[in-house]
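Trainee: Please take me slowly through one part of this structure, and then show me how other parts compare with it. I am new to it, so please explain each term when you use it.

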Amino acid sequence: MKTKTTSLSAIAILFCFSLFSQSKYTLSGTITEASSNEQLIGVNIIVPSLKTGTVTNEYGFYSLTLAEGSYEFVISYLGFKTIRQTIDLTSDKALNFSLEESTEQLDEVVITENVERLNIRNPQMSVNSLSISTVKQIPVVLGEADIVKSLLLLPGITNAGEASSGFNVRGGAVDQNLILLDEATIFNSSHLFGLFSVFNPDAIKDVKLFKGSIPARYGGRVSSVLEIFQKEGNSKEYRVNGGIGAVASRLLIEGPIEKDRASFLVGGRASYAHLFLPLFNIDNKAYFYDLNTKLNYKVNDKNNLYFSGYFGRDLFSLSDNFENIYGNAVLNFRWNHLFSKKLFSNLSLIYSDYYYGLELGFVGFLWNSGIQNFNLKYDLKQYVSDKLQVNYGLNNTYYSFNPGKIEPNTNDSGIVEDQLTKKYANELAVYLDIQHDITENLSLEYGLRLSHFSRLGQDELFVYQDDNPVEFDPFLLIYKSAEPIDTISPGRGSELANFTNLEPRVALAYTLNEKSSIKASYTRIAQYLHLLSNTSSPTPLDVWTPSGPFVKPQLLDQYALGYFRDIKDGAYAFETEVFYKDLQNRIDYIDGANLIANDAIEQVILNGKGRAYGLEVLLRKNDGPLTGWLAYTLSKSEQRTPGRNDQEIGINSGAWYNTPYDKTHDIALYGNYELSDKWRFNANLVYQTGQPTNYPIGQFEFQGLTIPYYGLRNEERLPDYHRLDIAATLTPRKNKGRKWQTEWVFSIYNVYNRRNAASINFRRNQDTGTNEAVRTSIFGIVPSVSYNFKF
């Protein structure tokens, strides 16, 4: 009996040893589009028999380590033909795949249960992605395809209304969004004060918005990260595409410099409606233009070089009396290096600039302001196994802030040149982010970001009594600016203040069954830059300021919980999330604050608190001739600035009040109907609660004048916002077999001519002498036609 027991123990030991000593090998490579060699982001590489897999990174690279054996691999990407291939993994292998675009997408793209399961298991939540083809189909004002306007149809994303700049995510402000174009920061995402976004959809290949559960490699903004990547350029053949619209046109050219090794891309857009204004004796101008460029070079199988850039400008002028020029410029050099089949790296050198210029001819001066940054990033991704991936790296950004410079535009203008004190800062961060499949049902993504912000010295700095730049008057119960008691010159080599923050991130997914899972996440982020704006929608005149001796960094804690389900083999998808955001040190402005050309901005701001919470629901239909989604958000966004001591009442009497971007209900319905290979129809239906505002709550007489007075902040609301947009796309059948491909897009924005209120202002009627409300609307019904082509 003893001998039998010993034999069984030996067998068990040998079996366990064989399991742990089993050889493992790595399959790695890149996945590209067959017709252009464009690297594809987010392609699924699945091993159905093991219920495991991975996805390609931002540069199309993948790596998967498995035990020795023969496996069937499934490579799938929506809109492309699925590849199924059996591979004998008996050694490390480098294998690149080229995916062909599916001409009959619904028949040829196969999404298996295992592919769905991988998506369900991914702990990443609070993320929205849009394909560029979808962006181009969504009806928007004046017929110009717009990435930012398209994102507004998704849950948790709003803006301040028509022709407003930027966007708001989960009750956050516009300046709390980190917008990245090829990893470079874009400080103003709008053209023509919000009519269009700065992103040319022809030059873009991937759009992803992180609303929560933000990976540790990102930081610096507390609400969201909008990550946009430009195309690399076709390295196989020359291609041209573009479009002619009602107010703007675009053209993009791409092609090989050296076939299959180096390529270029150049794309431009420009508006031209201002050219017709002189026909009506109008001496005003309003136009924009932008330029996208990209070069890439494959040095060898382990090294790739990229150089990309963007330059955009807007001009708005009223006769010779007023001229406003503003825009972004970015440059980015990147080096991809593959240390091994399991270790991928990317080094980026980035320059970003936002410029704002203003000329007032009738006053006689020029004004310019802006912000520049120089960014060094080094990111590495280690594919430890099919169950464990590790991301780590560092990011250092140097900032230069120009709050404003005024100078005369003529020798006899009488204006004295003056430069507001420039500010400087440096932000350093290191991070570690781990993606870990714990069990078949439980997956985790956890990480830590350590950020350090240094406010560097400057030429002049005001000194205040008790370091208090804002005083409180206990008799009038108001805040007012304090007078400086001294001015010092710290010098550029000194440090005025520094802040260090640990920013933990964790997300988990637990699969309930093959089709559904629950996910939860916690995110902590620090934001060291602030946009000075006391309007509901930022204007180009608003300036950025860094944290420092009197302005603390914003700190956010966000919690989210969600349920996700695939329905009918992926034909439908349902997801719902609840979130809660707690924000510290959100800047607020004292009553009557002047933010323009203010060289002592600390005299008009206080540090407050913010909170936002809500429910998001998204139901998608993915298959069939009719596709689209229904998005609903129920949310609340509030701000509070209590008194700094028992004697102060705070702003708004220390009570919570609605932020300017709080919208209780937000519903968006989008549909795309493929009638035939010739006709496609699209429609949006949008409803939103009116944004908060202030109305007079009473009035009094003073020296024969009727004077209105107001109550607490943002207690009232504009009327609810709603509209219907439709579009029809005609693709001529003669396109088949031709290199020259064309399409016509006919759209109607705001079909039933709803006059949505952009604002309601109160004024004194000159005839009756009484106060009256005046409603301002931006758009009624707007029809448009666009012609698109490619060859």
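Mentor: What follows starts with one sheet, goes on to the cores, and ends with charged pairs.

The model is predicted, so local features are given only where pLDDT is at least 70 and side-chain atom pairs only at pLDDT 80 or more, whereas totals for chains, interfaces and linings use all residues. Residues are numbered from 1 along each chain as its sequence is written, and side-chain values use heavy atoms, with hydrogens and water left out.

The part to look at is an open sheet of five strands, in the order E9-E16-E17-E12-E13, whose pairing is mixed. Strands (E, at least two residues) and helices (H or I, at least four) are DSSP runs, numbered from the N terminus, and two strands pair if DSSP finds at least two bridges between them. At the edges, each pairing on one side only, stand strand E9 (127-130) and strand E13 (184-185). Further in, E16 and E17 run antiparallel and are joined by six bridges, one of which sets Ile204 against Gln230 in E17.

Some of these strands also contribute to the largest nonpolar core, which has 46 residues. A nonpolar core is a set of buried Ala, Val, Leu, Ile, Met, Phe, Trp, Tyr and Cys residues joined through side-chain atoms within 4.5 Å, and buried means under 20% relative accessible area, with exposed over 50% and partly exposed in between (1.4 Å probe, protein chains only). Among the elements that give two or more residues to this core are strands E12 (177-181), E16 (204-210) and E17 (224-230), together with helix H4 (132-137) and helix H5 (147-151). Seven residues touch the most other members, including Ile147, Phe167, Leu226 and Trp629. Leaving aside neighbours within four places in sequence, Leu226 is in contact (heavy atoms within 4.5 Å) with residues that include Leu151, Phe167, Leu178, Leu180 and Val207. In soluble globular proteins, nonpolar side chains tend to be buried together.

Apart from this core lies another, of 22 residues, among them Ile371, Phe401, Leu420 and Leu531. Phe401 is also one of the contacts of Gly370, a residue of strand E25 (residues 365-385). Another contact of Gly370 is Asn402, which belongs to strand E26 (residues 388-408). Asn402 counts as buried because its relative accessibility is 15%, and its side chain makes a polar contact with the side chain of Gln419 (2.8 Å). Here a polar contact is a pair of N or O atoms within 3.5 Å; within protein, one must be able to donate a hydrogen and the other to accept it, and residues adjacent in sequence count only if both atoms are side-chain atoms.

Charged pairs complete the picture, with 35 salt bridges found in the whole structure; a salt bridge is a side-chain nitrogen of Lys or Arg within 4 Å of a carboxyl oxygen of Asp or Glu. In one of them Arg170 meets Glu616, the closest N and O atoms being 2.8 Å apart. This pair links distant parts of the chain, since Arg170 sits in the loop between strand E11 (168-169) and E12 while Glu616 is in strand E40 (residues 605-621), 446 residues away, and both residues are buried. Elsewhere, Lys515 and Asp569 form a salt bridge (3.4 Å, N to O); Lys515 counts as buried because its relative accessibility is 17%, whereas Asp569, at 51%, counts as exposed. Finally, Glu38, Asp182, Lys205, Glu232, Lys294 and Arg334 are linked in a network of salt bridges.
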